[in-house]
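Biologist: Could you take one part of this model and go through it closely, strand by strand and contact by contact, before you move outward to the rest? I would like a single connected account rather than a list.

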Amino acid sequence: MPWRPPGSTPPTPNNGRFPVAGGDRPTSGPPRGSASVPVSPAPPGPTSGGPSRGSASVPVSPAPPGAWPGPTATPGGAPPLGPPISALPSPAGAAPAPAPVAPARRRRLPVVLAVVLLLVLAGVGVVVVRPGPVAGWLGNDAGSAPNAVGATPEPDPADVLSGPDPNAPVPTPDGVRAALDPLVGVAALGDRVNVSVADVSSGQTLFDKGADDGTVPASVTKLATAVTALAARGPGYRIPTRAVAGTKAGEVVIIGGGDPTLAIDKKGYYPGAARLDELAAQVRTALGGTTPTSVTVDGSVYSGPVYGPGWDDDIPTGGSGGAVTALMTDGARRDPSVPHGAAARFAEPDLAAGKAFARLLGVSGDAVKRGTAPAPAAGGGTPAPGTELGAVQSPPMIRLVDIMISESDNLVAEALARQVAMARNQPASFDGGAAAMDAEVAELGLPADEITLSDGSGLSRNNRISPSLLTDLIRLAASPDHPELAGVFGGLPVGGWSGTLDERYRTAAGTAAGAGSVRAKTGTLTAVHSIAGLVTTADGRLLTFAVLTDRVPGGKETAQPALDRITAALAGCGCR
């Protein structure tokens, strides 16, 4: 690939533990992508926005103030990627973030000075460096990184994507239209192709074709899920899993808080995940001489159906989705060692997790049942009912967002939608999550009448999002007024390099210019194909785009290259 620096290596597999390719609903053929992500934000510093809005239904301990967990250098001795957006100084004389306003049909975002935007984008990783193992970025045990004493450190990583040029000329609407008009009307994309292209720095609309029309977004929905979760919870929020004493002697109640990445032990699917074996050790210590006799699973923080409205009939058993419960391990996977793509899921993830916890406590699986935790009470046994026996916590929200986007993980997405609901005191259900996300979009000043959701993953065919809302949302996440939203960029796949874009922009005619220049979230359902993200033009100008199609007559073999030619055209021209 000509855009990869000499001597660079392709993404390093992480023993199949954290694949990035499969999150969009799989179609026929082998899973796409490689086993690592191109870039992840450096361990974030303290956020600047204060506590998140709303109160959670489940208590949680914040990350240690002033510090974030994770390595201080990338694996192999390479230096860290630099400060996250939240650690960057505010522009001199910058005004405070505007107060939320009621959504308007097409209220464009304020103009952001180019120099400020470049500072922001440098912080969120638009300059991408040579990838390394994902486990190190996401905070696996420090000892797991191959950094033996006396080993020669690797040289500083070389740039893969160059930064935007602050003096680059802005494409003209006429120039962009001349480049895109022949591409958006091709038969492979069907008769409903809605597109929005805007300049990130100025907010100027450069191309508008059905840009305000609600369209089925598929997994591009996860961009909205990411932004609303970061806004509602904050980048440092962690999801707890707790254990308390039950009403009977030896009864242990495990309370699911909605952490989909929870692992049974160190062999879990998600690096840096909280672990049931550690929780079990805490419980045994807290119980002292009392022997555990039964396990009760409390997943009552979630409510409503476990499968989403508008999901295709084969999704619950197809391996890309599954039952959404407040307690699960490894994203409900039966086998966390399956490297990528569709995976068999437990039909009842909460009970499966409860039985795994029971085994760790030496309790028979027959003594596991669903129930609710008792309220803390004095007396009645030692320890008293409701007494906390232990707690473990998920990786921070910014890492969960990175996982969700880079792997297009549907069950993580549904968990994050419910976190938005809980933060806004709404029911943690499909309906509650959708309503809370819609309210969060409005509170961010975006046109909430251009988004209608039924889930957080994009598996639902009932979802509608306009392309222009997506380009506005991406610009908002890059704004220095909202540093808490910058985590949305870290997991975006890079064209021809990683994730769901790993195999794209390589061989299809007319797409080569997009390799290394396009960072985007993709979406795929039968007859639905979408892509939204960022692209750097040949002149160095940074644009945001969204292309949504929901009446595609053929399959991905023809639709995806047609989409890629649109974004590659933006990458390959000055469009002036």
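Modeller: In this predicted model, valine 193 of strand S1 stands opposite threonine 549 in S12, and that pair belongs to a ladder of seven bridges through which S1 and S12 run antiparallel. On the S2 side, S1 is joined by four bridges, again in antiparallel fashion, and there valine 197 has phenylalanine 207 as its bridge partner. S1 and S2 together make a hairpin with five residues between them, and glycine 203 in the turn has a positive phi of about 85°.

The setting of S1 can be read from its side chains. Val193, Val195, Val197 and Asp199 point one way from the strand, while Asn194, Ser196 and Ala198 point the other way, and all of these are buried. Because seven of the seven residues of S1 are buried, the strand is largely enclosed by the rest of the structure.

Widening the view to the whole sheet, one finds five strands in the order S2-S1-S12-S11-S10, forming an open sheet with antiparallel pairing. Strand S2 (205–209) and strand S10 (518–525) stand at its edges, and since each has a single partner strand, one side of each is left without a neighbour in the sheet. From one strand to the next the twist averages 5°. Helix H12 (residues 556–572) packs on this sheet, where it touches strand S1 (193–199), S10, S11 and strand S12 (542–549), and its direction makes about 20° with that of S11. At the S10 edge, eight bridges join S10 to strand S11 (residues 528–536), the two running antiparallel, and within that pairing valine 518 stands opposite valine 535 of S11.

A second sheet offers a useful counterpart. It too is open and has five strands, in the order S6-S5-S4-S3-S7, but here the pairing is mixed. Its edge strands are strand S6 (368–370) and strand S7 (388–393), each of which pairs on one side only. Neighbouring strands in this sheet are turned against each other by 20° on average, with direction ignored. Helix H5 (residues 276–287) packs on the sheet and touches strand S3 (240–245), strand S4 (251–255) and S7, its direction making about 160° with that of S7. Helix H7 (residues 349–361) lies across S3, S4, S5 and S6, and runs at about 145° to S6. At the S6 edge the link is parallel, with three bridges between strand S5 (residues 294–298) and S6, and valine 297 stands opposite arginine 370 there.

Away from the sheets, asparagine 463 deserves attention. Asparagine 463 lies in the loop between strand S8 (451–452) and strand S9 (464–465), and with a relative accessible area of 0% it is buried. The side chain of asparagine 463 reaches the backbone nitrogen of serine 454 at 2.6 Å, and a polar contact of 2.8 Å joins it to the side chain of aspartate 455. Leaving aside residues up to four places away in sequence, the residues that asparagine 463 touches include Thr215, Val216, Pro217 and Thr221, as well as Thr452, Leu453 and Gly458.

The aromatic side chains come next, and they give three pairs in total. Tyrosine 269 and tyrosine 270 form one of these, an edge-to-face pair with 4.8 Å from centre to centre and 80° between the planes; tyrosine 269 is buried at a relative accessible area of 1%, and tyrosine 270 is buried at 3%. In another pair, the rings of tryptophan 311 and phenylalanine 430 have centres 5.6 Å apart and planes at 85°, so this pair is likewise edge-to-face. Because tryptophan 311 lies in the loop between S5 and helix H6 (315–318) whereas phenylalanine 430 lies in helix H10 (residues 430–443), the pair ties together parts that are 119 residues apart in sequence. Both tryptophan 311 and phenylalanine 430 are buried, and ring pairs link Tyr307, Trp311 and Phe430 into a cluster.

Lastly, the count of disulfides comes to one. This disulfide is formed by cysteine 573 and cysteine 575, whose sulfur atoms are 1.8 Å apart. Cysteine 573 counts as buried at 18% relative accessibility, because the limit lies at 20%, and cysteine 575 is buried as well, with a relative accessible area of 6%.

Notes: Residues numbered from 1 in each chain as written. Predicted model: local features only at pLDDT ≥ 70, side-chain atom pairs only at ≥ 80, totals over all residues. Heavy atoms only, no water. Pairing = 2+ DSSP bridges. Axes fitted to C-alpha atoms, helices over the stretch in contact; angles between N-to-C directions. Contact = heavy atoms within 4.5 Å. Disulfide = S-S within 2.5 Å. Buried < 20%, exposed > 50% of the residue type's maximum accessible area, 1.4 Å probe, protein only. Polar contact = N/O pair within 3.5 Å; in protein donor to acceptor, adjacent residues only side chain to side chain. Phe/Tyr/Trp six-rings, centres within 6.5 Å; stacked < 30°, edge-to-face > 60°.
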